[in-house]
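Student: I would like a close look at a single part of this protein, the open sheet. Please take me through it and then place it in the whole.

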Amino acid sequence: MKRYSLQIAGQAQPSASGQWIATLNPYTGEAWAEIPDGNAADVDAAVQAAHTAFSSGAWPQLSATERGALLRKLAMLIERDADKLARTEVMDNGKLFAEMRGQLQYIPQWFHYYGGLADKVQGATLPLDKKGYFAFTRHEPLGVVAAITPWNSPLFLLAWKIAPALAAGCTVVVKPSEFTSASTLEFAELFNEAGFPPGVFNVVTGYGAKVGSALVAHPLVAKVSFTGSDVTGRAINQAAAAQLKHSSMELGGKSPNIVFADADLEQAMYGAISGIFAATGQTCIAGSRLLVQRSIHDAFVERLVAFAATARMGDPMSLETQVGPVTTLPQYEKVLAYINIAKAEGAQVVLGGSKATRAECGKGWFIEPTILTQVHNGMRIAQEEVFGPVLSVIPFDDEADALRIANDVRFGLAAAVWTSDIGRALRMSERLQAGTVWINTYRAVSFMAPFGGYKDSGLGRENGQSAIYEYLQTKSVWINSGATTSNPFVLR
């Protein structure tokens with residue numbers, strides 16, 4: 001049983017409570033490590049350390065170029081330890097080692113990219129309507145950032161937050177999910193080796209009610225960046241707004257994956273599979289609603305079911321495994337409950353629909369890849385985020401019908417269109433209410449492309465050049481270069 005420590009001010013520390021939380025392996029259902037059960041005292045220590053690092057000492061004295069060099073050094077250390085960190089994530093969240101290793105091998109690019117961007121944030125000189133003045137803008141870091149991350153891809157989604165935040169000159173306190181904290185704690189150890197000043201990066205683990213709430217409410221936290229459910233995100237955003245804190249929210253989705261009759265149907269089938277069964281459906285961009293044009297609906301579903309039925313389930317560490325377990329026991333139970341709700345509402349199960357009993361799944365929290373037909377968009381299964389390997393298939397007639405169904409949901413994170421008609425692709429991309437629209441592909445992301453949601457899927461953007469501005473504030477500077485004041489009581 002491995003026991004981890006909090007990471008505060010560059011040092012490993014026990015929690016103030018002296019208590020621990022067991023972290024379970026989703027494949028075996030057994031505890032393999034313990035993380036500190038943090039509380040408000042730990043949060044205060046971490047925030048104070050981050051605030052001190054931000055306002056004094058070495059960090060604010062570094063040039064943007066020097067900050068960028070530290071980020072690039074960190075990237076090289078991640079590259080070195082990618083396999084080790086990936087194995088820890090698999091132990092913690094049960095996702096496939098092939099995917100976690102791929103993510104860890106890709107994560108360094110975020111730090112290389114924002115390391116290069118750090119010294120390229122430029123202000124502007126301003127043309128003014130007033131004679132005798134010179135004005136310019138400058139961008140300055142917000143301060144201490146609270147980064148609250150989910151359990152499905154802990155380090156990948158953490159990189160989306162902290163790479164631009166650190167490039168901007170902010171300091172960070174991370175609260176990872178209590179289900180998957182181990183990799184974040186191991187990752188924190190790399191900051192000392194990279195040469196970051198103490199307090200720039202801190203990690204406090206524990207439950208949301210004690211750690212997350214205290215972190216959001218702390219008066220020295222300037223910004224909250226959250227990834228998770230829309231319910232929790234709404235509560236966090238309200239708490240942050242009470243103190244007028246900056247916030248960005250990457251929340252849930254109910255993304256439509258739209259297949260037209262003129263598409264490359266083999267590629268569309270692969271896109272439908274990867275959109276929902278890759279990562280066991282535990283991704284905010286999951287293509288959980290498959291909209292299929294009515295003229296090809298039956299044939300496409302038959303082909304899809306036959307292919308999905310071949311999915312290999314089992315040990316996520318095996319490179320042969322294609323579908324792993326659900327990450328947490330509560331989520332496992334929630335997904336099974338949603339399948340029952342869908343059946344009660346009239347959906348037909350054409351594949352899966354229950355927990356997996358295959359011998360290779362052992363005692364893990366496995367659910368068979370599930371495909372539902374006879375679904376209409378008013379059902380709960382078509383409106384609520386399930387976050388599991390459950391696909392709802394909905395027929396449509398034409399472009400207008402597809403758009404009506406696709407947009408008739410309170411989420412707007414992602415969407416995809418499969419067609420050979422470029423005009424249709426462009427029309428659909430313009431009218432789909434989603435922050436990301438893929439054409440003839442699915443689940444493609446990059447550090448260079450902004451990512452975020454419409455409607456209840458969130459606020460702000462991660463990735464791309466725009467992300468660094470989420471952690472900066474703009475200051476206008478006025479210089480009197482010759483103006484005179486004749487009447488000081490009158491605003492000029």
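Tutor: Accessible areas here come from the Shrake-Rupley method with a 1.4 Å probe. On that basis, the accessible surface of the protein comes to about 19500 Å². Carbon and sulfur atoms hold 53% of that surface. Keep in mind that this is a predicted model.

Now the sheet. It is open and has three strands. Their order is β1-β5-β4, and the pairing is mixed. β1 covers residues 2-3 and β4 covers 20-24. Both stand at the edges with a single partner strand each, so one side of each has no neighbour in the sheet. In general, the strands of a sheet pair through backbone hydrogen bonds, either parallel or antiparallel. β5, residues 31-36, pairs with β4 in the antiparallel sense. Five bridges join β4 and β5. For one of the residue pairs, look at Ile21: its bridge partner in β5 is Ile35.

Next, the whole. The protein has 16 helices and 23 strands. Its radius of gyration is 24 Å, close to the 23 Å that the globule rule gives for 492 residues, so the protein is as compact as a globular protein of that length. The C-alpha trace spans about 80 × 60 × 40 Å along its principal axes. Of the 492 residues, 55% count as buried. Take the contacts with a separation of 6 or more: 74% of them are between residues 24 or more positions apart.

Last, charge. There are 41 positive and 44 negative charges. The mean positions of the two sets are 5 Å apart.

How values were computed
Residues numbered from 1 in each chain as written. Predicted model: local features only at pLDDT ≥ 70, side-chain atom pairs only at ≥ 80, totals over all residues. Heavy atoms only, no water. Pairing = 2+ DSSP bridges. Helix = DSSP H or I, 4+ residues; strand = E, 2+ residues; numbered from the N terminus. Rg over C-alpha atoms; globule rule 2.2 N^0.38 Å. Buried < 20%, exposed > 50% of the residue type's maximum accessible area, 1.4 Å probe, protein only. Contact = heavy atoms within 4.5 Å. Lys, Arg positive; Asp, Glu negative; His and termini not counted. Charge placed at Lys NZ, Arg CZ, Asp CG, Glu CD.
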